[in-house]
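Hi,

Here is the structure I said I would pass on. Have a look at it first, and then read my notes underneath.

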Amino acid sequence: RFGMSQAELIQLCKDAIGIWQQGSEKPLLVYDPNAKLTINLIYDQRQADHKAYKTSQQLLQTAQNVNQRVSENLDNRYSYLEQRHQQLQAQRDQLSRDAEQLNQQRMSWMRIENGPNQQRIEQQYQQLKAQAQQLDHDIAELKDQNNQYNQQVEQHNQNINSYNINVNHLNQRFPAREFHKGIYNGKRIEIYQFDTMDDLRLTIAHELGHALGLEHNQDPQALMYPVMKDQQLQNFRLSTADLALLQAR
């Protein structure tokens with residue numbers, strides 16, 4: 001149920017022993033399948049809850065990543081729509097000025113003659129009319145795009161709200177609390193919960209430290225600190241505080 005084989009656990013135990021051997025440069029421990037001190041993995045509600053929490057956390061992280069991408073896309077979409085709106089507004093203002101100027105020319109030439117200038121003005125007027133129709137089409141299209149954008153924003157806000165609700169549910173289901181990953185009871189080491197193989201190796205090494213007669217220390221990065229949190233999980237080496245405990249024993 002922990003998702004690992006006995007051979008993998010034995011290798012982790014040997015690696016945990018190696019942490020003490022390398023740090024102290026002394027053969028403090030040795031692996032023996034017939035040893036009186038045993039190391040047992042006990043699957044109970046703690047590990048079950050942890051696995052459920054991690055699964056829910058991964059799902060929420062995926063949802064958060066999706067929401068982030070959607071948010072960035074919506075920001076880009078908003079910038080485009082705003083820029084397009086300004087362009088169309090500028091075109092409409094320019095058409096209004098051109099139409100006003102052309103209308104003045106049209107009225108002036110109508111009083112003077114009925115000839116080529118009037119024909120030219122009429123052609124320009126028809127061109128402006130066609131541009132105005134195209135502008136109306138572009139404005140209507142932009143309005144549709146804005147409506148689609150607003151619908152996407154509304155859906156995005158609903159997704160964010162659902163995400164926040166799920167985060168609250170997760171925090172209610174798995175409130176923050178501290179519990180022992182493992183324990184040394186004087187006869188055997190029992191491990192109840194771990195995150196990764198690296199975490200399990202250090203947890204075993206920590207309990208082996210208790211089997212050596214060591215107490216906790218106050219260095220958050222040390223092996224014998226009571227909480228596995230800030231330690232360097234990979235390529236871990238005993239800290240000065242850990243070695244001081246060994247020397248004082």
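Let me start with Asp-199, which counts as buried because its relative accessibility is 3%, and the cut-off for buried is under 20%. Keep in mind as you read that this is a predicted model.

What does that acidic side chain meet? Asp-199 and Lys-181 form a salt bridge, with 3.0 Å from N to O. The two come from distant parts of the chain, 18 residues apart: Asp-199 sits in helix H4, and Lys-181 in the loop between H3 and E2. Lys-181 is buried too, at 14% relative accessibility.

Lys-181 has another partner as well. Its side chain also meets that of Asp-195 in a salt bridge, at 3.8 Å from N to O. Asp-195 is in the loop between strand E3 (188-191) and helix H4 (197-211), while Lys-181 is in the loop between helix H3 (116-173) and strand E2 (182-184), so this pair ties together parts 14 residues apart in sequence. Asp-195 is partly exposed, with a relative accessibility of 39%. Put together, Lys-181, Asp-195 and Asp-199 make up a network of salt bridges. As a general point, side chains of opposite charge can pair when their charged atoms come close.

The count for the model is 6 salt bridges. Another one to look at joins Arg-188 and Glu-190, whose closest N and O atoms are 2.8 Å apart. Here Arg-188 is partly exposed at 33% relative accessible area, whereas Glu-190 is buried at 11%.

Now for the greasy part. The largest nonpolar core has 26 residues, and the ones that touch the most other members are Trp-20, Leu-200, Ile-204, Leu-208 and Leu-223. Helix H1 (6-24), E3 and H4 are the elements that give two or more residues to this core, and H1 gives the most, with 7. If you want one residue to click on, try Leu-208: leaving out neighbours within four places in sequence, its contacts are Ala-16, Ile-17, Trp-20, Leu-29, Leu-37, Ile-39 and Ile-189. There is also a second, separate core of 10 residues, and Leu-81, Leu-88, Leu-102 and Leu-128 are among them.

On to the rings: the structure has 4 aromatic pairs. One of them is Phe-2 with Tyr-43, an edge-to-face pair with 5.1 Å between centres and 70° between the planes. This pair also links distant parts of the chain, 41 residues apart, with Phe-2 in the segment before H1 and Tyr-43 in the loop between strand E1 (38-41) and helix H2 (45-112). Phe-2 is buried at 16% relative accessibility, and Tyr-43 is partly exposed at 21%.

Tyr-78 and Tyr-149 form another aromatic pair, this one tilted, at 6.2 Å centre to centre and 40° between the planes. Tyr-78 belongs to helix H2 and Tyr-149 to helix H3, so the pair ties together parts that are 71 residues apart in sequence. Tyr-78 is partly exposed at 45% relative accessibility, while Tyr-149 is buried at 14%.

Two last things to find on screen. Phe-2 and Tyr-43 turn up again with Phe-194, as one aromatic cluster. And Arg-46 lies over the face of Tyr-192, 3.8 Å from the ring centre.

Cheers

Technical notes: Residues numbered from 1 in each chain as written. Predicted model: local features only at pLDDT ≥ 70, side-chain atom pairs only at ≥ 80, totals over all residues. Heavy atoms only, no water. Salt bridge = Lys/Arg side-chain N within 4 Å of Asp/Glu carboxyl O. Helix = DSSP H or I, 4+ residues; strand = E, 2+ residues; numbered from the N terminus. Buried < 20%, exposed > 50% of the residue type's maximum accessible area, 1.4 Å probe, protein only. Core = buried A, V, L, I, M, F, W, Y, C linked by side-chain atoms within 4.5 Å. Contact = heavy atoms within 4.5 Å. Phe/Tyr/Trp six-rings, centres within 6.5 Å; stacked < 30°, edge-to-face > 60°. Lys NZ or Arg CZ within 6 Å of the ring centre and 35° of its normal.
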